[in-house]
Amino acid sequence: MNTIGLVYSSNTGNTKALAEAFKSAVEAKGGSLYFSEAAGADKAAFSAADVWVFGSPASGTEEINDTEILPLIEELKDGLKGKKVFLFGSYGWGGGAFMDAWKLDMEGRGAVIAAEPVTCLEAPDGGAEDAMKKAAEALLG
């Protein structure tokens, strides 16, 4: 069973709700999970995981959070080559285009997208929460 490291940033609580749905699914399966907001993340504990999970809301002009998530990715960039990664987040405008750009950026850094990213418009609905649970189960292996 894979160990999972999850870090997220959340401005309004929507991305945090997605993270919590993922966490609940991992715990229900008895999986090993490092879970933290990006701002206070223990980089060594996160880095030790088999799968890296990043959550970010869309910010600015449809971009990932550039004060917590992007700097963490930059710090960890050498570890991204060949690393299984899962991305998720929420948005309020722009149709979630930030996720397509983020996925391409992570692939360009050498990451292996291990499950299709999950996004939601504003607060997650049952469909988004279910998608997070299915991703968690798939990533546990």
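What distance should the 15 residues of helix H5 (residues 126-140) span, and how far apart are its end C-alpha atoms? In this predicted model, a rise of 1.5 Å a residue leads to an expected span of 21 Å for H5, and the C-alpha atoms at its two ends are 21 Å apart, in agreement with that expectation. The N-terminal end of the helix is capped by Asp125, a side-chain oxygen of which lies 3.1 Å from the backbone nitrogen of Gly127, while the residue that follows H5, Gly141, has a positive phi, near 80°.

Within H5, the buried residues are Ala128, Met132, Ala135, Ala136, Leu139 and Leu140. Because they cover an arc of only 130° around the axis, they lie on the same side of the helix. The face turned away from this buried side carries the exposed residues Lys134 and Ala138, whereas the cover over the buried residues includes strand S1 (3-8), helix H1 (14-28), S3, S4 and S6.

The largest nonpolar core comprises 24 residues, among which Phe54, Trp102 and Met106 have the most contacts inside it; two or more residues are contributed to this core by each of strand S3 (51-55), helix H3 (69-76), strand S4 (84-91) and helix H4 (97-108). A second, separate core of 22 residues includes Leu139 and Leu140, together with Tyr8 and Val51.

Ala114, located in the loop between strands S5 (112-113) and S6 (118-121), is partly exposed, with a relative accessible area of 35%. Beyond its neighbours within four places in sequence, Ala114 is in contact with Lys84, Val85 and Leu139; Val85, although 29 residues away in sequence, is 5.5 Å from Ala114, C-alpha to C-alpha.

Terms used
Residues numbered from 1 in each chain as written. Predicted model: local features only at pLDDT ≥ 70, side-chain atom pairs only at ≥ 80, totals over all residues. Heavy atoms only, no water. Helix = DSSP H or I, 4+ residues; strand = E, 2+ residues; numbered from the N terminus. Buried < 20%, exposed > 50% of the residue type's maximum accessible area, 1.4 Å probe, protein only. Contact = heavy atoms within 4.5 Å. Core = buried A, V, L, I, M, F, W, Y, C linked by side-chain atoms within 4.5 Å. Expected span 1.5 Å × (residues − 1). Arc of directions from axis to C-beta. Polar contact = N/O pair within 3.5 Å; in protein donor to acceptor, adjacent residues only side chain to side chain.
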